[in-house]
Each structure stands twice: as structure tokens, then as C-alpha cells.
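Student: Could we go through this structure together, one region at a time?
Tutor: Certainly; please have the sequence and the structure open.
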Amino acid sequence: MDKDTAIEVKNLTKVYRLYDKPMDRLKDSLGLMRKKKYKEHLALNNVTLSVKKGETVGIIGTNGSGKSTILKIITGVLSPTEGEVNVDGHISALLELGAGFNMEYNGIDNIYLNGMMIGFSEEEITKRLDAILEFADIGDYVYQPVKTYSSGMFVRLAFAVAINIDPEILIVDEALSVGDVFFQAKCYHKFEEFKKQGKTILFVSHDLSSISKYCDRAVLLNQGILLGEGTPKKMIDIYKQVLVGQYPLPKGEGENLLDDEDIRNAAAKASDKADAKVEASGDKSAVGSGNAADTASENPDLLEYGDGAATITEYYVTDEKGTRTNSIIKGSEFTVHMRVKFLKDVAAPIFAFTFKNIMGIEITGTNSMVEKAFLEPVKAGDEKDISFTQKMTLQGGEYLLSFGVTGFEQNDFTVYHRLYDALNVTVVSDKNTVGYYDMNTKCTVVDVK
């Protein structure tokens, strides 16, 4: 393994045996089964990846994609069916918080018990005891048996033990959202401290904003298969396609993924969508702002997909005077426009837009269903002009604007057409406050009489 590599996973495969009856599992473990009475579930399928020292890597994917399984194998909780894992550095894992706690012991005893299970000596734990107690902040309850704790107190103590042992590698599985809002803020602050200290972090979360904000790189898993790895923004965009069953395979790549039926179907849908797009507009150049002056604000590499029932043929932004532009004065009114042509009958289309920052974090957005603006059926051949008017309260800076037409087909969420990061919008401001929004605060200061 390279000296700059903290975690190396090679050709990792994990197969679970699923039994219909507990007795079948027992018989199989004792070698008493004459014939196979279980089904095999492939949780991980020949996954290879590496994490460099000091890197923060996020793992994303749908439920059942193998995210937690790969973390448990890396930490040694599970053994792989095939493949190997090499780790260089001391690991602290935030997986199943409180696993290994003895419910009859008090909090102090469990701190020492858990710390020793992780691999620290009694002296090392004693040095960290005050920091652990301060972080957990459960007061004198730490001297009471853990079985008397509330669920919130339990996870606070477990998190405090895991996060305060100064590991070289931190592995986190959906564990930053435990406890109340104040404790969650403390957890994220500690997480940011680890990043600044250059520690290696492997991070699993369904919170895509956190993946965008904290991770240097993202890995996308689907049904145990590694679909790709790259920048968080790129992988999150692909993940959103996977969620709606419309992930297209690049030409000449990913042939090994064609064994997956869902991915084969997604690739076919993507191909159908391209044909529908040409039918609606005649040419890709027909899609966009429709104004040569705004061409620089359009993204030539935007991500688009959909099942072809509708296509967005035009999109642009106007200022408070109705002039097409990609620069909006903070505090002024502006309108987001889109034109949609329908190629099939749709029971209740939903029109939407979203603003992201340049890191790919979704800042704000809305849709026609939320705004209760349009809940009617449309026919094939219909065209609709949609506009969203609001005041610009985002801080000054650069943003990316996305558009979408979606709906529900027999209760299944369906994407008819999406354009991700289609336009660049610049917010011009002479006053930026803290955060994403300006609260338009009025401040007064008076003398005390």
C-alpha cells in the first residue's frame, strides 16, 4: 500500500445468506444441511477504492447500496467474502453508537470499557476523560447506570467517547445528527476541527449538503456496485439520476454494470429521452435563454435527463424591469422563466427551479405544487410558459440555477425533464451579511438614560 494512502479496499465482495427460518441458520452453521435452504444477497460486488491520508471522502447511495457494509468491513466489524482491506492509522468509528456499552455499568465505567475496546490504555483514556465528559455534557448522570439514561443521553456519551480519542482516521455513518440541535452543532464543529487538523475522514450520509460542504471527493454506490467517484457535485448529480432510475451509462464505459437490471433500464430510458428531446426542439441549440446576449450565462456541460414525456425548450431570468439578464441586484424583484412542451399526456405536471452555490449545495428553490399554482392535466402537444417571481435576498455571489418538470405516475415519482446547473446567476450586492441570506435587518442603537 502506498505510504500516502490511509485506506485501501481491493476487489471487496460481501455475500449474506438469507434464511427463511432461524433453525435453518443453526443447522447450516453446524453442517447439518443436506441441501441449500438460503438465498444469497450480494451486498458488495467487487468494490475497489482508496482514501488518501488527510482526505475527506463521502460515500452516498440509496438504502441497501452497501454503504454501511463497507464501513463495517473497513473497521473490522464484518469480514469480507472476498477481497482485502488495508488500513494505515488508528480508526475511530461512529457506526452503531453505544455498541459495546454495558447497561449495568455507569457512564464512567463505560467510557473506560469502550475506550479499551477501541484500543486505548487506561492512562490514555484518563487523559481524555475531562474532554469526553465536557463534550457529552450529561452532568451527574455519568455516575448512574447507563440503563437509566434517556436515548439522547446515551448517544451523547457514546458520541463523546468516539470523537474525543484523537484518531488518525474517523469513520462516520449517519452519526452527526444525534441529540438535540445544540449537540448537533457541537458535533459538526468537532467534525470541522478534524478536517482542519488534516485527519482522514470517511463519511456516509444521506444529507447531500453535508457531503458537498465537507468532502473533497465522493463515492457513489448502488446495489453493491461502485458506480463512480469524483467531485461531490458530480457524484450527487449522478446520485439524483439513480434515485429516479435514469442513470445513463457513458459510451464505452461501465459494461460491467450492465449485469444490473435496474441500470440497464435506466440506460434505455436515457436513450429514449434523447430521441424525445430532438423531436420536441429539432436541435439542442433551441434550448436555453433564447437570447444571444445571455449565452455566456448558459452551461454547455449541464446535466440533463428525463423520460421524454416533456421537454424544457427555453429558460431564462428577467430583472424587475422585465429585461433578460443573468445579473440580479440584491433586494430587487426578479423572475425565473421556463417554457415546457409536452410530448405525452401528463396528469399533473410539477414545474420547479433550484438555486445552488458553486459548491453544489442547494440553497433554495420551489415548485408549482408547493406554490399551489398549477395542478391540472396536460395533453400531448401542449406548451406552457411558467414564471416564478420573488425578491432576491441571497448574498452577493455566483449561483447555479436548475430547472425541472416532474410528476407522479401511479404514485411513483417520475422525472420528465431536468436541467441541472443550466444557468449562472450573479447576485450583485454592496452589503453581504453572514450566511446564505440577508434577513434585511434594521439595527438601532440608542443611549441608555
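Tutor: A good starting place is Gly76, which follows α2 and has a positive phi, near 90 degrees. Please keep in mind that this is a predicted model.

Student: Which residues of helix α2 are buried?
Tutor: Helix α2 covers residues 67-75, and its buried residues are Lys67, Thr69, Ile70, Leu71, Ile73 and Ile74.

Student: And where does Leu78 lie?
Tutor: Leu78 is in the loop between α2 and β4, the latter being residues 82-87.

Student: What does Leu78 touch, leaving out residues up to four places away in sequence?
Tutor: On that basis Leu78 touches Tyr16, Thr69, Lys72 and Ile73. Of these, Thr69 and Ile73 are among the buried residues of α2.

Student: How far is Leu78 from Lys14?
Tutor: Their C-alpha atoms are separated by 9.2 Å, while the two residues are 64 residues apart along the chain.

Student: Why is Leu78 classed as partly exposed?
Tutor: Its relative accessible area is 23%. Buried means under 20% and exposed means over 50%, so a value in between is called partly exposed.

Student: Let us change topic. What is the overall make-up of the protein?
Tutor: The protein has nine helices and 18 strands. It consists of 449 residues, and 47% of them are buried.

Student: What about the surface?
Tutor: The protein exposes about 23,400 Å², and carbon and sulfur atoms supply 49% of that area.

Student: How many of the contacts join residues at least 24 apart?
Tutor: The share is 70%, taken among contacts between residues at least 6 apart in sequence.

Student: Is there an individual case of such a pair? Where does Ala162 lie, for instance?
Tutor: Ala162 belongs to helix α5, residues 151-163. Ala162 touches Ser92, Ala93 and Leu94, not counting residues up to four places away in sequence. Ala162 and Ser92 are 70 residues apart along the chain, and their C-alpha atoms are separated by 6.0 Å.

Student: Buried or exposed, that alanine?
Tutor: Ala162 counts as buried, because its relative accessibility is 5%.

Student: Now the helix pair α3 and α4. At what angle do they pack?
Tutor: Helix α3, residues 107-118, and helix α4, residues 122-136, pack at an angle of about 130 degrees, and their axes are 10 Å apart. That angle makes α3 oblique to α4.

Student: Which hand does the crossing have?
Tutor: The crossing of α3 and α4 is right-handed.

Student: Which residues meet there?
Tutor: From α3 come Ile108, Ile111, Tyr112, Gly115 and Met116; from α4 come Glu122, Ile125, Thr126, Leu129, Ile132 and Leu133. By class, the contact has eight nonpolar, two polar and one charged residues.

Student: Last region: what is notable about phi at Gln410?
Tutor: Phi of Gln410 is near 55 degrees, a positive value in a residue other than glycine. Gln410 lies in the loop between β17, residues 397-409, and β18, residues 412-428.

Student: And what is phi at Asn411?
Tutor: Asn411 has a positive phi of about 75 degrees, although it is not a glycine. Asn411 is also placed in the loop between β17 and β18.

Student: Are these two residues buried or exposed?
Tutor: Gln410 is exposed, with a relative accessible area of 75%. Asn411 counts as exposed as well, at 75% relative accessibility.

Methods. Residues numbered from 1 in each chain as written. Predicted model: local features only at pLDDT ≥ 70, side-chain atom pairs only at ≥ 80, totals over all residues. Heavy atoms only, no water. Helix = DSSP H or I, 4+ residues; strand = E, 2+ residues; numbered from the N terminus. Buried < 20%, exposed > 50% of the residue type's maximum accessible area, 1.4 Å probe, protein only. Contact = heavy atoms within 4.5 Å. Areas by Shrake-Rupley, 256 points an atom, 1.4 Å probe, with all protein chains shown as cover. Axes fitted to C-alpha atoms, helices over the stretch in contact; angles between N-to-C directions. Parallel < 35°, antiparallel > 145°, perpendicular 65-115°, else oblique. Left-handed = near helix turned anticlockwise from the far one by under 90°. Nonpolar A, V, L, I, M, F, W, Y, C, P; charged D, E, K, R; others polar.
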